[in-house]
Amino acid sequence: MSDTVTPAPPAFDIAARVLYRDGMMLVIDKPAGLAVHKGPKGGETLADHLDALRFGLPNAPELAHRLDKDTSGCLVLGRHRKALADLGKAFADGTVGKTYMAVVRGVPAQTRGRIELRLAKRSPTRGWWMAVDPKGQEAITEWQTIAQGEGLAVLALSPLTGRTHQLRVHLDAIGHPILGDSIYGGASRLPGGPILHLHSRRAVIPQKKGRDAVDVRAPLPPHMRATLARAGFDPAALEAQADAAIFTPRAGTRPR
């Protein structure tokens, strides 16, 4: 028997995932598989690492919005109370531009579309699982196909509202669930199963008058890059296509 001891994996370096930093906010590249806050099952969360992002301020930053545990990419944090209030208002008003990338099953018949399906919790006992419900909250998603092949399509998406699991439920509702979605897309929940192929690619955050918006982009995560490469796509070219996608702005905002 060998006496070799397998070294422990390196500690997660949250500071290395900072994409943007100023006195008001941070934008980090959240990895897939890391929950942003504690859940009933416990385990490691982003909250366990926020103290490493103080960068000289007395308090750790806090979430200005949320991403699902298995969604990767741009996540905005406010660095102090006023920043959190301003950022929270921007997200609530829909003035933050958001572009996601998703790999979905099947190829939509149209090259672009708009989904307007209200959403509500499935039941009081099912946590944050959501369902289409005519009596639910307004939920609007715009999408466009940027690549297709091998029975899959790559979409650029913009959630014009910010409902829980909105993109996942909307895409499943039109018959194109996100690859690796174990809640809405029927993917296996067993260890080693496919990972959700949903990525927050770009966040465009408005600033005070006279200042350019903060425009931040997160690279595709390894599991999505591998899937795209196997299907014969160029991940970098698809990132550029997603960045060039133009969606309908919310009231009071400019097209992007």
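**Exercise 1. Which side chains does a polar contact of 2.8 Å join?**

Start with the partner pair, keeping in mind that this is a predicted model.

- Step 1: The contact runs between the side chains of aspartate 243 and arginine 201.
- Step 2: Now place the acid. Aspartate 243 sits in helix H4, which covers residues 235-244.
- Step 3: Check the wider surroundings. Leaving out residues up to four places away in sequence, aspartate 243 touches Arg201, Arg202 and Arg217.

**Exercise 2. Work out whether aspartate 243 counts as buried or exposed.**

- Step 1: Look up the relative accessibility, which is 13% for aspartate 243.
- Step 2: Compare that with the cut-off: buried means under 20%.
- Step 3: Aspartate 243 therefore counts as buried, given its 13%.

**Exercise 3. Find the strands that pair with S11, and say in which sense each one runs.**

- Step 1: Take S4 to begin with. S4 and S11 pair in the parallel sense, over 2 bridges. Here glycine 73 is opposite serine 200 of S11.
- Step 2: Go on to S5. S5 and S11 run antiparallel and are joined by 6 bridges. Threonine 99 has arginine 202 in S11 as its bridge partner.
- Step 3: Finish with S12, residues 214-217. S11 and S12 are antiparallel too, with 4 bridges joining them. In this pairing isoleucine 205 faces valine 214 of S12.
- Step 4: Add the burial of S11 itself: 8 of its 8 residues are buried, so the strand is mostly covered.

**Exercise 4. Describe the largest cavity: how much space lies in it, and which residues line it?**

- Step 1: Count the candidates. The structure has 1 cavity of 30 Å³ or more.
- Step 2: Get the volume. The largest cavity holds about 40 Å³ of space.
- Step 3: List the lining: His65, Cys74, Val76, Phe91, Val96, Lys98, Tyr100, Ser200, Arg202 and Ala203.
- Step 4: Map that lining onto elements. Strands S4 (72-78), S5 (97-105) and S11 (198-205) are the elements that each give two or more residues. S11 gives the most, with 3 residues.
- Step 5: Sort the lining by chemistry: 6 residues are nonpolar, 2 polar and 2 charged.

**Exercise 5. How many residues of helix H2 are buried, and which are they?**

- Step 1: H2 spans residues 166-173, and 6 of its 8 residues are buried, leaving the helix mostly covered.
- Step 2: The buried residues are Gln166, Leu167, Arg168, Val169, His170 and Leu171.
- Step 3: Look just past the end of H2, where glycine 175 adopts a positive phi of about 90°.

Terms used:
Residues numbered from 1 in each chain as written. Predicted model: local features only at pLDDT ≥ 70, side-chain atom pairs only at ≥ 80, totals over all residues. Heavy atoms only, no water. Buried < 20%, exposed > 50% of the residue type's maximum accessible area, 1.4 Å probe, protein only. Polar contact = N/O pair within 3.5 Å; in protein donor to acceptor, adjacent residues only side chain to side chain. Contact = heavy atoms within 4.5 Å. 1 Å grid on protein atoms, 1.4 Å probe; cavity = no way out; pocket = protein on both sides within 12 Å on 5 of 7 lines; lining within 4 Å. Points joined across faces, edges and corners; volume = space filled by probe spheres on them. Nonpolar A, V, L, I, M, F, W, Y, C, P; charged D, E, K, R; others polar. Pairing = 2+ DSSP bridges.
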